[in-house]
Amino acid sequence: GGKLYLVPTPIGNLDDMTFRAIQILKDVDLIAAEDTRHTQMLLNHFDIHTPAISFHEHNTAERIPQLLSKLQSGQTIAQCSDAGMPSISDPGKELVAACTEDDIPVIPLPGPNAGLTALIASGLTPQPFFFYGFLDRKHQQQVVELEELKNRPETMIFYEAPHRLKKTLKTMQEVFGKERRVVLARELTKRYEEFLRGTLADANEWAQTQEIRGEFVILVAGNDHPDQDDNQPMGSPIEQIDQEIE
Ligand code: SAM
């Protein structure tokens, strides 16, 4: 019968593709890829000739019935995103839900993931951890989200686009306070991989002097004094820093 394979792909370093992932991509009838052109480069590199169709956030609704009918007719499909694990801040979850509802087997492969890769080298307490993914893009909504997370004791994992990193770090400092520990994991598995570790004040100071390039995971230490309010009163150094930046 039909089966859906969830196939993680490299987050930068092609050598992180597993033997099993390559084999599954070769063996399935069809690959449902977030971006077929992007995935085609991977397929070419590993000499995989399986046909691929697009499956992304803008065509999920129309694709699901098409993919389900192929699966029901006995075809095997591998779903992958541009990088890392499908469904983790990436397309996939609706298809998985549809398959589980229709009793179509869903077979996940282990593989690359930016958040966990960053976490294990961060030096922050690796567990418990709280995976958040992307915050909202709007400042006001970010503040609301961060306020909810502020007293959590777990190490928190965030994704962010490079062009929003500066602003997001600033908002994190506004809400979590300048002393909260943070680790920026940059360009994981790639040539310029780098870890920046310090307080949110350090991270902001660093970010303001940089042209932000590359991909980042932001890891924030959990709150170990949840009763204390980390927010600084008016006229504190944070206010002064904000003024300097703006
Ligand atoms: N599905 C992916 C996973 O399992 O990690 C995440 C995809 S999400 C659309 C992309 C975000 O993941 C980036 O904005 C960045 O925060 C993070 N990311 C992906 N690759 C990375 C890398 N090589 N180094 C650091 N962060 C990365």
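A crossing of two helices is termed left-handed if the near helix is turned anticlockwise from the far one by less than a right angle, and right-handed if clockwise. The legends below refer to a predicted model.

**Figure 1. Left-handed crossing of helices H7 and H8 in the predicted model.** Helix H7 spans residues 165–176 and helix H8 spans residues 200–208; their axes come within 9 Å and cross at roughly 155 degrees. Helix H7 is therefore roughly antiparallel to H8, since angles over 145 degrees are placed in that class. On the H7 side, the contact is made by Leu165, Lys166, Leu169, Lys170, Met172, Gln173 and Phe176. Helix H8 contributes Leu200, Ala201, Ala203, Asn204, Ala207 and Gln208. By class, the residues of this contact comprise eight nonpolar, three polar and two charged.

**Figure 2. Right-handed crossing of helices H3 and H4.** Helix H3 (residues 60–72) packs against H4 at an angle of about 40 degrees, and the two axes are 10 Å apart. This angle makes H3 oblique to H4. Thr60, Ile64, Leu67, Leu68 and Leu71 of H3 meet Glu94, Leu95, Ala98 and Cys99 of H4. Seven nonpolar residues, one polar residue and one charged residue form the contact of H3 with H4.

**Figure 3. Surroundings of Thr18, in the loop between strand S1 and helix H1.** Strand S1 covers residues 3–6, and helix H1 covers residues 19–27. Thr18 counts as partly exposed because 16 C-beta neighbours lie inside 10 Å. When residues up to four places away in sequence are not counted, Thr18 touches Leu109 and Gly111. The C-alpha atoms of Thr18 and Pro110 are 8.6 Å apart, although these residues are separated by 92 residues in sequence.

**Figure 4. Surroundings of Ser89, in the loop between strand S4 and helix H4.** Strand S4 comprises residues 76–80, and helix H4 comprises residues 93–101. Ser89 is partly exposed, because 16 other C-beta atoms lie within 10 Å. Apart from neighbours within four places in sequence, Ser89 is in contact with Gly133, Phe134 and Tyr159. Ser89 and Leu4 are 85 residues apart in sequence, and their C-alpha atoms are 19 Å apart in space.

**Figure 5. The span annotated by UniProt as "domain: Tetrapyrrole methylase".** The annotation comes from an unreviewed UniProt entry and is placed at residues 3–203. The end C-alpha atoms of residues 3–203 lie 45 Å apart. Helix accounts for 38% of this span and strand for 21%.

Key
Residues are numbered from 1 along each chain as its sequence is written. This is a predicted model: local features need pLDDT of at least 70, side-chain atom pairs count only at pLDDT 80 or more; totals for chains, interfaces and linings use all residues. Axes are lines fitted to C-alpha atoms, for helices over the stretch in contact, and angles run from 0 to 180 degrees between N-to-C directions. Helices (H or I, at least four residues) and strands (E, at least two) are DSSP runs, numbered from the N terminus. Angles under 35 degrees count as roughly parallel, over 145 as roughly antiparallel, 65 to 115 as roughly perpendicular and the rest as oblique. Two residues are in contact if their C-beta atoms, placed from the backbone, lie within 7 Å. Ala, Val, Leu, Ile, Met, Phe, Trp, Tyr, Cys and Pro count as nonpolar, Asp, Glu, Lys and Arg as charged, and the others, Gly among them, as polar. UniProt positions are given in the numbering used here, feature names are shortened, and annotations may be inferred rather than shown by experiment. A residue is buried if 20 or more other C-beta atoms lie within 10 Å of its own, exposed if 12 or fewer, and partly exposed in between; C-beta atoms are placed from the backbone.
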